[in-house]
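Colleague: I should be grateful for a close look at one strand of this model and at the side-chain contacts elsewhere in the chain. Please give the geometry in full.

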Amino acid sequence: QVQLVESGGGLVQPGGSLRLSCAASGSIFSITAMGWYRQTPGKQREFVALVTSGGSTNYADSVKGRFTISRDNAKNTVYLQMSSLKPEDTAIYYCNTLALAHGSGPPRNYWGQGTQVTVSS
């Protein structure tokens, strides 16, 4: 299997910054893309940002210009630099990857356990 572990969440004031990290481990053969989603109680999990193995990125309109996603392919780690944070950014942030594991057949989607981000005065 492939395991994802997020870190870097916490409490920050509006306008502040936070950097999330997600490290993939396990029997990884290759990773196609890694990204971030977020969820609050009573709402569907929503897309935030992703980066492909080739370096292409995509962002949700709500975070464009404020968040930056990056990836260290050698370490199988993805980062989310969050700036100009707003209270509405408060959510559990989940790391996601589309990866091929050794001996597991076609690529599959994997999720981390989530890390809490709270933006409040």
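**Strand E7 and the side-chain contacts**

Modeller: Strand E7, residues 67–72, has two faces: Phe67, Ile69 and Arg71 make up the covered one, while Thr68, Ser70 and Asp72 make up the uncovered one. In a regular strand, side chains alternate between the two faces of the sheet. The model is a predicted one, and every value below is computed from it.

The partner of E7 is strand E8, residues 77–82; the two run antiparallel and are joined by 6 bridges. Within this pairing, arginine 71 stands opposite valine 78 of E8. The hairpin of E7 and E8 has 4 residues between the strands, and asparagine 76 takes a positive phi near 50° there.

Phe67, on the covered face of E7, leads to another part of the chain, for it is among the residues in contact with arginine 38. Arginine 38 is found in strand E4. Its relative accessibility is 6%, so arginine 38 counts as buried, the limit being under 20%. Two acidic side chains meet that of arginine 38: glutamate 46 makes a polar contact with it at 2.7 Å, and aspartate 89 makes one at 3.0 Å. Leaving aside neighbours within four places in sequence, the residues in contact with arginine 38 also include Gln44, Arg45, Val48, Ser62, Val63, Ala91, Ile92 and Tyr93.

Strand E4 also carries tyrosine 37, which belongs to an aromatic cluster with Phe47 and Trp111. A search of the whole structure finds 2 aromatic pairs. In one of them, the ring centres of tyrosine 37 and phenylalanine 47 are 5.6 Å apart and the planes stand at 75°, so the pair is edge-to-face. Because tyrosine 37 lies in strand E4 (residues 28–39) and phenylalanine 47 in strand E5 (residues 46–52), this pair ties together parts that are 10 residues apart in sequence. Tyrosine 37 and tryptophan 111 form an aromatic pair that is likewise edge-to-face, with 5.0 Å from centre to centre and 65° between the planes. Here tryptophan 111 lies in strand E10 (residues 108–111) and tyrosine 37 in E4, so the parts tied together are 74 residues apart in sequence.

The members of the cluster are described by their accessibility as follows. Tyrosine 37 counts as partly exposed at 22% relative accessibility. Phenylalanine 47 is partly exposed with a relative accessible area of 24%, and tryptophan 111 is partly exposed at 38%.

Arginine 45, which is in contact with arginine 38, also meets the aromatic residues. Its charged end sits over the ring of tryptophan 111, 4.7 Å from the centre. The charged end of arginine 45 also sits over the ring of tyrosine 94, 3.7 Å from the centre of that ring.

There remains the covalent cross-link. A search of the whole structure finds 1 disulfide, and this joins cysteine 22 to cysteine 95, with an S to S distance of 2.0 Å. The pair links distant parts of the chain, cysteine 22 being in strand E3 (residues 18–26) and cysteine 95 in strand E9 (residues 91–101), 73 residues apart. The angle about the S-S bond is -85°, and the link of cysteine 22 and cysteine 95 is left-handed. Both cysteine 22 and cysteine 95 are buried.

How values were computed:
Residues numbered from 1 in each chain as written. Predicted model: local features only at pLDDT ≥ 70, side-chain atom pairs only at ≥ 80, totals over all residues. Heavy atoms only, no water. Phe/Tyr/Trp six-rings, centres within 6.5 Å; stacked < 30°, edge-to-face > 60°. Buried < 20%, exposed > 50% of the residue type's maximum accessible area, 1.4 Å probe, protein only. Lys NZ or Arg CZ within 6 Å of the ring centre and 35° of its normal. Pairing = 2+ DSSP bridges. Polar contact = N/O pair within 3.5 Å; in protein donor to acceptor, adjacent residues only side chain to side chain. Contact = heavy atoms within 4.5 Å. Disulfide = S-S within 2.5 Å.
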